[in-house]
Amino acid sequence: MGPHERPGAAAAAFVDLRDLDVPFAPSRSEPDWGEAACAAEPHVTEPQTDRLRYVDAATRRIARGLDLDETLGELRLTAVPAFADAILTYLCDPLPVGGEKSASAAAPLNLRLHQAEQTLADLDATEPWAPPQAVRHAALGAAASEHLTVPARLAALLRAGRPVFGDAPGTAPTVAALLAPVARALGTPPQDRRLIVAPLYGRHRALGAIVLLRGPDRPAFTADDLLVASQLATHTALGLDKAALYGREASVADALQRAMLPSSLPEPAGVRLASRYLPSSETARVGGDWYDAIPLPGNRVALVVGDVMGHSMTSAAIMGQLRTTVQTLAGLDLPPDEVLHHLDEQAQRLGSEHMATCLYAIYDPVSHRLLVANAGHPPPVLLHPDGRTEVLWIPPGAPIGVGGVAFESVELPAPAGATLLLYTDGLVESRDRDVWTGVELLCDRLHAAAAALASPPLEQLCDQVLGILGPGGRDDDIALLAARFDGIPSHDVAYWFLDPRPQTAERARRLTRRTLRRWGLDSMLDSTELMVSEVVTNAVRFASRPITLRLLRTDMLRCEVSDDSPKVPRMRHAQPGDEGGRGLFLVDWLAQRWGATRLSTGKVVWFEQQILDDGHTTRRSM
């Protein structure tokens, strides 16, 4: 998970244009452009030596750019004022990206002015093409949004890929078209050998063009300058091709990473959730960090955070498989240590070289308890309602993929108003600090946030936590999941254990009626009693041990019936002679939502009804 360096950065740093002893082009007071080089190095007698030094430094600098703006920015700094007094950069609109076929010669080309730069040093503002700076910037800003319809001559020039002087035969319309968007800013620029049009031609396609101009107090371009312009344009075009390929790869990687993460977090009763994900850097958008929140039976929720080692498409793909495995195991309602055990087995099937850390926690808002197991992951941090921070001690275990290692679940209190933070090591560990130093810094930041504002909003708290990263690039990607425990008060919960006998359905209706009247939900009696009767009757048919009936009141009225039979009921169309098979149709019609989940000890069937302000319920829309 080390830092990534941009291609060409080391090479570009070897020779910096700004570090050259002499400029490439002559100053306005030195008509012989090679004189300065000879003065700096008396043994140099060939002017071409200085030219080669400039081209070498310029192309190295242009190669630094990784994206489009950086590449064009390096071109601008390289060309102005060392080689020209002004530069206009046009790009095809839309700009071709890697993998596209080259456009045919008959296909139209559209250009958009992307960048314009002019040096005002030592220029007389009274010259016809050197307006005042404020006017120039305003005019160029407006011109950058204009499109240029490419004449046939310009299209042929771009596809030919060779630079020409402004006075080349037949180029007058081309030059006029290129200068038209900035005519107001530049006045009347020259169209002779003080102007060069250099096409930006990539590996297989035209990408745009640059226009280089020199002022009246500077020597005109020569045939050798045409070769220099060709080199600048060629290396810029290759940099744009590289930027397009990188941009497409980064876009694909980013889309893959985002698709692997939850599109949204659930909103279970008794807990509030917030999350953040940050890629490591612009050069490595994909990684193996993930988080998840999975609703479980009984209004519980599983909180998960994990980290597959590495930054690659493979890491992201392995992360996606492990996350899917966790969701499947969570659906079986297994304890955290068993989830990690089966996840470890799955990782070994994927290959022993794929290792990951993971922390899996189950929060129960009714009992206000937290059940946690850890597989080599940094410990969670609990922010108490009074502002204290606590690093929860969980047996660390070995990373996922090691194999043959036992995991241990630990039960901890989860007081109402407390906030649990799960995170990956990129938040607390970097090349400048170790994990435990970062954890202490995280605790300090949480304590400061709670001291400034009691029970700070989760979204704001996540942003403040990320503040410990500081400026600069990140060595690793970061996943952060925050959970605020509200809990469900005991007076909003009612539950009973019922023997699986024929009279049980009647008793369940009686208990339900008494509870709903105590909660002031008399308007919901008839529908709830009917659904409870149907679900309990079905449980009695298959259960061999006592069944559980539980009612929970939040913004929803939720009923859960659990038994020890693994057979999950399914809706089916009853035949005319069937005595049963119609109960779930009634539940489906009367409840807003319902479902059945297989557990490690049997199953639970549940249904929910929305509680309105007047105590009435809403039915599921058909």
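A residue counts as buried when its relative accessible area is under 20%. Tyrosine 54 has a relative accessible area of 1%, so it is buried. The model behind this value is predicted.

Start with the aromatic rings. The whole structure holds four aromatic pairs. One of them joins tyrosine 54 and phenylalanine 83. Their ring centres are 6.3 Å apart, and the planes meet at 20°. The pair is stacked, because planes under 30 degrees apart fall in that class. Tyrosine 54 sits in helix H3, residues 47-62. Phenylalanine 83 sits in the loop between helix H4 (68-79) and strand E1 (86-92). The two parts are 29 residues apart in sequence, so the pair ties them together.

Phenylalanine 83 has 0% relative accessibility and therefore counts as buried. This ring has a second partner, phenylalanine 221. Here the centres are 5.3 Å apart and the planes stand at 40°, so the pair is tilted. Phenylalanine 221 belongs to the loop between strand E6 (206-213) and helix H9 (223-260). The contact therefore ties together parts 138 residues apart in sequence. Phenylalanine 221 is buried, as is phenylalanine 83. Tyr54, Phe83 and Phe221 make up one aromatic cluster.

Stay in the loop between H4 and E1. Proline 81 is found there too. Valine 80 and proline 81 are joined by a cis peptide bond, with omega at about 5°. Most peptide bonds are trans, and most residues other than glycine have a negative phi.

Two residues depart from the usual sign of phi. Aspartate 333 is not a glycine, yet its phi is positive, at about 55°. It lies in the loop between helix H10 (313-331) and helix H11 (336-350). With 14% relative accessibility, aspartate 333 counts as buried. Serine 455 also has a positive phi, near 50°. Its place is the loop between H12 and helix H13 (458-466). Serine 455 is partly exposed, with a relative accessible area of 45%.

Now turn to charge. Side chains of opposite charge can pair when their charged atoms come close. The model contains 19 salt bridges. One of them joins arginine 369 and glutamate 411, with the closest N and O atoms 3.4 Å apart. That distance counts because the limit for a salt bridge is 4 Å. Arginine 369 lies in strand E11 (residues 369-375), and glutamate 411 in strand E14 (residues 409-413). The partners are 42 residues apart, and the pair links distant parts of the chain. Arginine 369 is partly exposed, at 28% relative accessible area. Glutamate 411 is partly exposed as well, at 49%.

Next comes the bridge between aspartate 492 and arginine 553, where the closest N and O atoms are 2.5 Å apart. Aspartate 492 is in the loop between strand E16 (478-485) and strand E17 (493-498). Arginine 553 is in strand E18, residues 547-553. The two are 61 residues apart. Aspartate 492 is buried, with a relative accessible area of 10%. Arginine 553, at 22%, counts as partly exposed.

Arginine 558 and glutamate 608 form another salt bridge, 2.6 Å from N to O. Arginine 558 lies in strand E19 (residues 556-563) and glutamate 608 in strand E21 (residues 602-611). These parts are 50 residues apart in sequence, so the pair ties them together. Both arginine 558 and glutamate 608 are buried. The two residues also belong to a network of salt bridges that links Arg550, Arg558, Glu560, Arg593 and Glu608.

Other charges gather on the surface. Glu429, Asp434, Glu440 and Asp444 form a patch of negative charge. Glutamate 440 lies in helix H12, residues 435-452. It is exposed, with a relative accessible area of 54%. A positive surface patch is made of Arg501, Arg507, Arg510, Arg514 and Arg518. Arginine 510 belongs to helix H14, residues 504-518. This arginine is partly exposed, at 44% relative accessible area.

End at helix H15, residues 525-542, which holds serine 533. Serine 533 is buried, with a relative accessible area of 12%. Threonine 512 and serine 533 are 21 residues apart in sequence. In space, their C-alpha atoms are 9.7 Å apart.

Key. Residues numbered from 1 in each chain as written. Predicted model: local features only at pLDDT ≥ 70, side-chain atom pairs only at ≥ 80, totals over all residues. Heavy atoms only, no water. Patch = residues over 30% accessible without salt bridge, like charges linked within 9 Å, V, L, I, M, F, W, Y side chains within 5 Å. Areas by Shrake-Rupley, 256 points an atom, 1.4 Å probe, with all protein chains shown as cover. Salt bridge = Lys/Arg side-chain N within 4 Å of Asp/Glu carboxyl O. Lys, Arg positive; Asp, Glu negative; His and termini not counted. Charge placed at Lys NZ, Arg CZ, Asp CG, Glu CD. Helix = DSSP H or I, 4+ residues; strand = E, 2+ residues; numbered from the N terminus. Buried < 20%, exposed > 50% of the residue type's maximum accessible area, 1.4 Å probe, protein only. Phe/Tyr/Trp six-rings, centres within 6.5 Å; stacked < 30°, edge-to-face > 60°.
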